[in-house]
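Q: I am new to this structure. Please take a close look at a single part: the place where the chains touch.

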2 protein chains.
Amino acid sequence: MSNDQPKRTEISEIGEFGLIDHLTRGRKTVQPSTLFGVGDDAAVIDNGDHLTVVSTDLLVEGVHFDLMYYPLKHLGYKAVVVNLSDIYAMNAIPKQITVSMALSNRFSVEAVEEIYAGIYAACDHYGVDLVGGDTTASPRGLLISITAIGQGERDKLTYRHTAKKGDIICITGDLGAAYMGLQILEREKQLYLDNPGIQPALEEKAYLVGRQLKPEARRDMIEQFASARLVPTAMIDISDGLASDLLHLCKRSGLGAFLEEANVPIHTEAQLQALDFKLDPITCALSGGEDYELLFTIDPKDVEKVKFMSDIYIAGEMTDAQDGVMLHTTGGNVHPITAQGWKHF
Amino acid sequence: MSNDQPKRTEISEIGEFGLIDHLTRGRKTVQPSTLFGVGDDAAVIDNGDHLTVVSTDLLVEGVHFDLMYYPLKHLGYKAVVVNLSDIYAMNAIPKQITVSMALSNRFSVEAVEEIYAGIYAACDHYGVDLVGGDTTASPRGLLISITAIGQGERDKLTYRHTAKKGDIICITGDLGAAYMGLQILEREKQLYLDNPGIQPALEEKAYLVGRQLKPEARRDMIEQFASARLVPTAMIDISDGLASDLLHLCKRSGLGAFLEEANVPIHTEAQLQALDFKLDPITCALSGGEDYELLFTIDPKDVEKVKFMSDIYIAGEMTDAQDGVMLHTTGGNVHPITAQGWKHF
């Protein structure tokens, strides 16, 4: 029952990604079926004809969500979506999920039903089956752990480490809106706490709040790629923010990159809201996170294919590592892109 | 931000298994590859040549373990083992795991290294690869969610629902020791809290404490089955206690069963310890849980095969559902077996 601690390094000193690197560095895999382990959106397992793609996420009350403004049904939906997004980011199709939950006695059966209504809504929408899980008590709060299992084809999976110099960087949808939605919800929460009689006025902010509370994974993009016989050279989902996720892709690929600020897609409402909050819209797009859009690279010869696809924006190019990861601003300046995404520790 | 709750049913009113039944009842699966979903030790996914078997468990500090006497390394080891046990209980071979953790700022990098040392020790021992996960902050305490992925053969997987009337019930290893180990640790904790100067005297209790702190999954049994070309008709791992797990198997198979008290394997040290605690040894074996032994049924024609296998005990027989699930005591009485396993809610 002793508890010697000769040295104590805070996790916050090295951060989540630093911790994972630290813990997994140098480990070799032993199973021939393990095609790809730690370090991408999902692990890849060889099953002969099929590749199985596995991704897992943990959502913790008070860290990832605030039940004061997060409806339980939306939470269940989002918990599924964030995992499916990782599977799509491998250019694979999610097929099954497992759901584990730890619940304090604050949560009733009816509350859990609400969470499951959201989980099942996502299952129905994306055509995946809930096949297992674990439900247990928690001394405090709610925690949801979801694992998504998908199927991919050997020559079509898209990793983070396979971008080539000169590849074109593409972004789906628009960025920063989920972060703006979160800021609005946080503001309304404060107003409500200060004056519980007040009614939140969220109707006008439906797009931004919706991007936060009910994100969708870009299955449609994977389907577009398949129809066009396009295989991106690399792909990652934008969950931590464009900056952080582009840096991941560059690091894994051993490359640099540049983004054209003017070509980073930001919804008009997100731009206006950012200005209202006295924030720089591009900063919100780079560092906001939770957009669950896709960041991918293509061979320049495939540019024509992408040009005809809806909701895809050509935003930059992969360069040599020594050139760094840079933003070409609309003002004509060049700034290094740094990770300022979500830091939970 | 309203929070209407017209009805409130406590989860404790229906229990963990009741909750899962309630939430999953009536849901149909849509993916052709989903061979088996919720309701067994693991889900089964069809990948053509191979079947993928997936199991997931959540361990919560203060619910499943007490860090006052649970060394972090052992905790990491056990977190893996409990999942592998579910894969073996399908007569499949675990190949990969994912590990997600939520950690409060009480935990240093060095503490997480200890947990991972245990996780890797289990990976090395059982030959599985750690292929992914998620690490995040927690407002309080430690939570570990592990998903194990295994491979099975179509005609060899063992489910819970496939036992037949007249099948022989077998149990591996011995039962009740992990529960006795837990009682010893709880006693030592109380002694320590009352008098922090005291040193715990656990050396003499190494077997029982070891069964609690460092359980193993019965890979050797699955290997024995393969060598002997024995396929059990049904199987479940004994994690909640023999009573609870036998009741699961009976319910899923639509059958009853009887166990011979005299043939339920209990280690001598567990028996002596139970008596020391003024507990009935058979009650500890039936309700203790966390033994991670296997409970399986075989066709009577296979009894000769099992007789020559080490560490397997023939303990009863499957009967008609209307005969109930009964214990034939050494005193010649017949008692219904009721579930008194772990109740976390």
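A: Here is a walk through the contact between the chains, with a short look inside chain A.

This is a predicted model, in which local features need pLDDT of at least 70, side-chain atom pairs count only at pLDDT 80 or more, and totals for chains, interfaces and linings use all residues. Residues are numbered from 1 along each chain as its sequence is written, while chains are lettered from A and ligands numbered from 1 in the order in which they are written.

Start with the contact itself. Chain A puts in 75 residues and chain B 76 residues. Two residues count as in contact if their C-beta atoms, placed from the backbone, lie within 7 Å. Several elements of chain A give two or more residues to this side, among them helix 1 (11–24), helix 3 (109–126) and strand 5 (129–137). Helices (H or I, at least four residues) and strands (E, at least two) are DSSP runs, numbered from the N terminus. Strand 5 of chain A gives the most, with nine residues.

Now the symmetry. A turn of 180° and a shift of 0.0 Å along the axis lay chain A on chain B with an RMSD of 0.0 Å. The two copies are therefore related as by a two-fold rotation axis. The same surface serves both: 100% of the contact residues of chain A recur in chain B. Copies are superposed by least squares on the C-alpha atoms of residues with pLDDT of at least 70 in both.

Last, inside chain A. Domain 1 covers 12–152 and domain 2 covers 168–336, with bounds from an automatic or database domain assignment. In chain A, 17 residues of domain 1 are in contact with 21 residues of domain 2.
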